[in-house]
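User: Could you take a close look at the pockets in this one for me? I'd like to know what lines them and what sits around them.

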Amino acid sequence: MMLSVNKQFSRHLRVIHACEKGATGVYWGHRWVAAWRYPDLVPALTAMHGHETEHYALFGQLLAVKNSPQVGLPILWCVGGILYGVVTALLGRRAIWKSTAIIEAIVEQELLAASEFFQAHDPQVSAAIEKILLDELQHKEQAQAQSLGWATIDAYIEPMAVAGAQLSKNLAEKL
């Protein structure tokens, strides 16, 4: 079933908005564990959390300006992100970075799909996505560099990240 341009517009904004709220939770969970186990990671995770908070606010503003409904119960995405962030962080320092790399790769794919759509339909939103994409790519590259050398953790983190992201996306499209 082909969605109208307006529905696609709203869908992309809602999914990105929800993903950014979930990412704030992930970084909060990672920072919470890192504060008592890996304090040296806290500054980088705090900076990433700050970016995600800015992204969430920006997409909230775009939803309002474009008269698109926000996702219902944004706390669900934040709490889900916190739980995922805490669980993965408890698996260790490299798990925090591996989790970050995987999540940012998923977000990158979603942003690229949205960017392609918005390039043809709304230059303002397209420009916002391009700016945010730079932050997300920086997070991913930093995390990839820090997560090398422990492939066994992939078997645990990647399925959780992919399943969580898909559930989040599906809920964002419906709520």
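Analyst: By class, the lining of the largest pocket splits into 15 nonpolar residues, 5 polar and no charged ones. Bear in mind that this is a predicted model. The pocket holds about 390 Å³ of space, and of its 20 lining residues, Gly-80, Gly-81, Gly-164, Ala-165 and Ser-168 lie nearest the centre. As for where the walls come from, α1 (5-37), α3 (75-90), α4 (93-121) and α6 (154-174) each put in at least two residues, with α6 giving the largest share at 7.

The second largest pocket comes in at about 180 Å³. Here α1, α4 and α6 each supply at least two lining residues. Charge does turn up in this lining, which has 6 nonpolar, 2 polar and 2 charged residues; among those lining it are Glu-110, Lys-169, Gln-109, Gln-166 and Cys-19. Ala-165 is on that list too, and it's also one of the residues nearest the centre of the largest pocket.

Since α1 and α4 help line both pockets, their aromatics are worth a look. The whole structure has 2 aromatic pairs. Phe-9 and Phe-118 sit edge-to-face, 4.9 Å centre to centre with 85 degrees between the planes, and they tie α1 to α4 across 109 residues of chain. Phe-117 and Phe-118 are edge-to-face as well, at 5.0 Å and 80 degrees. That links Phe-9, Phe-117 and Phe-118 into a cluster; Phe-9 is buried, as are Phe-117 and Phe-118.

Notes. Residues numbered from 1 in each chain as written. Predicted model: local features only at pLDDT ≥ 70, side-chain atom pairs only at ≥ 80, totals over all residues. Heavy atoms only, no water. 1 Å grid on protein atoms, 1.4 Å probe; cavity = no way out; pocket = protein on both sides within 12 Å on 5 of 7 lines; lining within 4 Å. Points joined across faces, edges and corners; volume = space filled by probe spheres on them. Helix = DSSP H or I, 4+ residues; strand = E, 2+ residues; numbered from the N terminus. Nonpolar A, V, L, I, M, F, W, Y, C, P; charged D, E, K, R; others polar. Phe/Tyr/Trp six-rings, centres within 6.5 Å; stacked < 30°, edge-to-face > 60°. Buried < 20%, exposed > 50% of the residue type's maximum accessible area, 1.4 Å probe, protein only.
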